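Let's take a walk through this protein together, starting with the whole chain and then stopping at a few places worth a second look. Keep the structure in view as you read.

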Amino acid sequence: MWFRNLTVLRVPAGSGLDADALADALRPHAFTEPTSVEAVRTGFVPPREGDASLVASVGRQLLFALRQEKKLLPSRVVAQFVKQRAERIEAEDGFRPGRKRMKELKERVVDELLPRAFSLATDTRAWIDPVNGWLVIDAASAARADEVVGLLAKAFDGFPGRPLKTVQSPAAAMTQWLADGEAPAGFTIDQDVVLKARDGKATVRWANQSLEADDVARHVKAGKQCTRLALTWNDRVSVVLTDTLAIKRVRPLDVVQEAEAGSAASTDADERFASDFALMTGELAALLAGIVGALGGPLPDGRLDAPAGPAAVRRAA
């Protein structure tokens, strides 16, 4: 159930968005099986196995998912077939095909191989918190998150969203926390750190080892900034915060896992889902508020106080 990598956008808090409205918007963009000659197909799918609804809802928290099915066609395989065709043409015509014809050969080979290629489907889950104003995508890469945001923009014109930006940059704040040897309120600094020079070339990493204050101070004085920092929130959730405000390696700690174990004892699948989803969203909403607060709050021009109106989702930067 737990999201592991968080790409976070802001949406208007208190917008009144509900599961029915979101499902109605997603339905025209629901996933359908690709044809044999399609390389990629994307669309929304039910986030819960065995449930046909495109949106799952617990206590006004909304969960949905995007599926991408992609044909696996290695470039080396394509290149091999194109080379064989080109050699055959050269033997028949007495000269090697030109650039234009080689491009046409490649397109023809791809069209012929696609029906025989294996397919790989990947689901990306997303959570909307209309109460606190979050859109959170469980994606390790910006490209994967952008697929979700991009299709949302087509599906739901009345759903404004924008990248999360804070008063203080994450890199500057994390560097200061390390230099001071003190984490912001509610957090503790863990043992995974990456410091990078401003030109991005020199990099120092600590992994699973205690940080020596003198070493950190020396690298900070030399102009390096923190780009990744492991933190624990209120002894409940551990994360890695990055300089792009992406939140990686989210992991619930013992006290939260014990609460999850209690819900797992239920024999009713709906009750287990509701309990687990409510627990996750409650913990992550508190975590996000803590991170934004530690970074000085959202930028004034990034506030979303107005009710939802006709606007496209703005892609994450």
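**A guided walk through the chain**

Among the contacts in the chain with a separation of 6 or more, 70% are between residues 24 or more positions apart. What you have in front of you is a predicted model, and its secondary structure comes to eight helices and 13 strands. If you draw a box along the principal axes, the C-alpha atoms fill roughly 75 × 55 × 45 Å. Of the 317 residues in the chain, 44% are buried.

Let's go inside next. In soluble globular proteins, nonpolar side chains tend to be buried together. Here the largest nonpolar core has 45 residues, and those with the most contacts inside it are Leu6, Trp177, Ile247 and Leu284. Helix α8, residues 269–294, supplies the largest share of this core, with 11 residues. There is also a second, separate core of 26 residues, which includes Ala25, Leu62, Ala126 and Val148.

Trp177 is a good place to pause. Which residues does Trp177 touch, leaving aside its neighbours within four places in sequence? They are Glu182, Pro184, Ile189, Leu229, Leu231, Leu241, Ala294 and Leu295. One of these partners, Glu182, lies in the loop between α5 and β8, the latter spanning 187–196. Is Glu182 buried or exposed? Its relative accessible area is 56%, over the 50% cut-off, so Glu182 counts as exposed. With neighbours within four places again set aside, Glu182 is in contact with Trp177 and Ile189.

Trp177 also brings us to a pocket. The second largest pocket has a volume of about 180 Å³, and its lining includes Trp177, Leu178, Ala179 and Gly181, along with Ile189, Glu212 and Ala213. Two elements give two or more residues to this lining: α5 (170–180) and α6 (213–221). By type, the lining residues divide into nine nonpolar, one polar and one charged.

Follow the lining to Ala213, which is found in helix α6. At 59% relative accessibility, Ala213 is over 50% and therefore counts as exposed. Between the C-alpha atoms of Ala213 and Leu241 there are 20 Å, and these two residues are 28 residues apart along the chain.

Now look for Arg10, in strand β1 (residues 6–10). Although Arg10 has a charged side chain, its relative accessible area is 18%, under the 20% cut-off, so Arg10 is buried. What does its side chain meet there? A polar atom of the Arg10 side chain lies 2.4 Å from the backbone oxygen of Gly133.

Our last stop concerns the backbone. Most residues other than glycine have a negative phi. Asn234 has a phi near 50 degrees, a positive value in a residue other than glycine. You will find Asn234 in the loop between β10 (225–233) and β11 (237–242). Its relative accessible area is 40%, between the two cut-offs, so Asn234 is partly exposed. Leu245 also has a positive phi, near 70 degrees, and is found in the loop between β11 and β12, with β12 covering 247–252. Is Leu245 buried or exposed? At 8% relative accessibility, Leu245 is under 20% and so counts as buried.

Note on methods
Residues numbered from 1 in each chain as written. Predicted model: local features only at pLDDT ≥ 70, side-chain atom pairs only at ≥ 80, totals over all residues. Heavy atoms only, no water. 1 Å grid on protein atoms, 1.4 Å probe; cavity = no way out; pocket = protein on both sides within 12 Å on 5 of 7 lines; lining within 4 Å. Points joined across faces, edges and corners; volume = space filled by probe spheres on them. Helix = DSSP H or I, 4+ residues; strand = E, 2+ residues; numbered from the N terminus. Core = buried A, V, L, I, M, F, W, Y, C linked by side-chain atoms within 4.5 Å. Buried < 20%, exposed > 50% of the residue type's maximum accessible area, 1.4 Å probe, protein only. Contact = heavy atoms within 4.5 Å. Polar contact = N/O pair within 3.5 Å; in protein donor to acceptor, adjacent residues only side chain to side chain.
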